[in-house]
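Visitor: I'm new to this one. Please show it to me, and tell me how you know what you say about it.

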Amino acid sequence: MIFALVGGDERAVFLGERLLKTGSEVKYSALEKAVCCCDTLEECVNDAQCVILGVPSVRNGFVNAPLSGVKIAPEEVYSLLTPAQTLCGGFGKTGICTDAAVFDLLGSESFALGNAALTAEGAIALLTESSVGALRGSKLLILGAGRVASALRQRLNAFETSVTVGARADGTLEKALSELGKFDYIVNTVPARIIGKEALEKAKRGAVIMELASAPGGFDRESAEKAGLCVINAPGLPGRFSPRASAELMEKEILAYMEAYHGE
């Protein structure tokens, strides 16, 4: 099988190495800071059975490609694909117009759970590294009740951290936001502006506030900094802290999809 990897972070590099070990051919584009790439995007994707973008696939309107100096509109990739090809990546709510079959990794429950676990591990590493305090004995607020929030809460138990969860689903969000001054750490997992300026001003000065959610995020960074908070913007943690494990997860999901739906 021929795979085309277009953009992505360090996970794409490890994924390419793993796919090569299966006997597949692997071509690259928009990864020139890490690997040897094709001369053109067309050369990379034209004869590939499976084209793989990063997770997330699109950032700020372009193909997510931090290991490249080239900006590629996602439509450039989509327009090159045929019904005989498969497009894989982390699309979420991103609109896709292409003739190819599309496999959204973020729509896979098993991938989402694995990715959430890796995100939680990375978040804990960053919290520990970025604070003069300690997680043990501290008070930490998690905003949101999704997979990442759940994975983070489970792992924090080992640190003897007092964890509070604020979520719309069970009506605890408003109370948590009114009591921000109680917490040494605040971690947002909600991709919507739920923490206003007034709430931020009630937070403890010097407290750490971490953004794990995708844009627009749960709070305004400038307002948080003016309120005396230590802001950690933390997108793509699996790619930063565990790219090899994340690549293994991606490979498993993609190969299973190709076998199930294309007999590859």
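Guide: Let's start with some vocabulary: helices and strands are DSSP runs, at least four residues for a helix and at least two for a strand, numbered from the N terminus. With that, Ala30 can be placed in the loop between strand 2 and helix 2 (41-45). Keep in mind that this is a predicted model.

Visitor: What makes the phi of Ala30 worth pointing out?

Guide: Its phi is near 60 degrees, which is a positive value in a residue other than glycine. Glu160 is another such case, with phi near 55 degrees, and Glu160 sits in the loop between helix 5 and strand 9.

Visitor: Is Ala30 buried or exposed, and how do you know?

Guide: Buried means under 20% relative accessible area. Ala30 has 5%, so it counts as buried.

Visitor: Why is Ser246 called buried too?

Guide: Set its value against that cut-off: Ser246 has 0% relative accessibility, so it is buried. Ser246 belongs to helix 10 (residues 243-262). Beyond its neighbours within four places in sequence, Ser246 touches Arg11, Asn115, Leu118 and Pro238.

Visitor: How do you know how far strand 1 is enclosed?

Guide: Five of the five residues of strand 1 are buried, so the rest of the structure largely encloses it. Ile2, Ala4 and Val6 are buried on one side, and Phe3 and Leu5 are buried on the other.

Visitor: Why do those names alternate like that?

Guide: In a regular strand, side chains take turns between the two faces of the sheet.

Visitor: What makes strand 1 and strand 2 a pair?

Guide: The rule asks for at least two bridges between two strands. Strand 1 and strand 2 have five, in the parallel sense, so they qualify. Strand 1 also pairs with strand 3 (residues 50-52), again parallel, over three bridges. Phe3 faces a partner in each: Val26 in strand 2 and Cys50 in strand 3.

Visitor: Which strands make up the sheet, and in what order?

Guide: Five strands form an open sheet with parallel pairing, in the order 2-1-3-6-7. Strand 2 (25-29) and strand 7 (101-104) are at the edges because each has a single partner strand, which leaves one side of each without a neighbour in the sheet. From one strand to the next, the twist averages 20 degrees. Helix 1 (residues 10-21) lies across strand 1, strand 2 and strand 3, at about 160 degrees to strand 2.

Visitor: How do you know where on helix 5 its buried residues fall?

Guide: They are Ala149, Ala151, Leu152 and Leu156. Viewed down the axis of helix 5, they fall within an arc of 165 degrees, so they line one face of the helix. Their cover includes helix 4 (109-129) and strand 8 (139-143).

Visitor: Why is the peptide bond from Val55 to Pro56 singled out?

Guide: That bond is cis, with omega near -5 degrees. Pro56 lies in the loop between strand 3 and strand 4 (58-59). Ala215 and Pro216 are also joined by a cis bond, with omega about 10 degrees.

Visitor: How do you know whether the whole chain agrees with a compact globule?

Guide: For 264 residues, a compact globule would have a radius of gyration near 18 Å; this chain has 20 Å, which agrees. The C-alpha trace spans about 55 × 35 × 35 Å along its principal axes, and 51% of the residues count as buried.

Technical notes. Residues numbered from 1 in each chain as written. Predicted model: local features only at pLDDT ≥ 70, side-chain atom pairs only at ≥ 80, totals over all residues. Heavy atoms only, no water. Axes fitted to C-alpha atoms, helices over the stretch in contact; angles between N-to-C directions. Contact = heavy atoms within 4.5 Å. Rg over C-alpha atoms; globule rule 2.2 N^0.38 Å. Buried < 20%, exposed > 50% of the residue type's maximum accessible area, 1.4 Å probe, protein only. Arc of directions from axis to C-beta.
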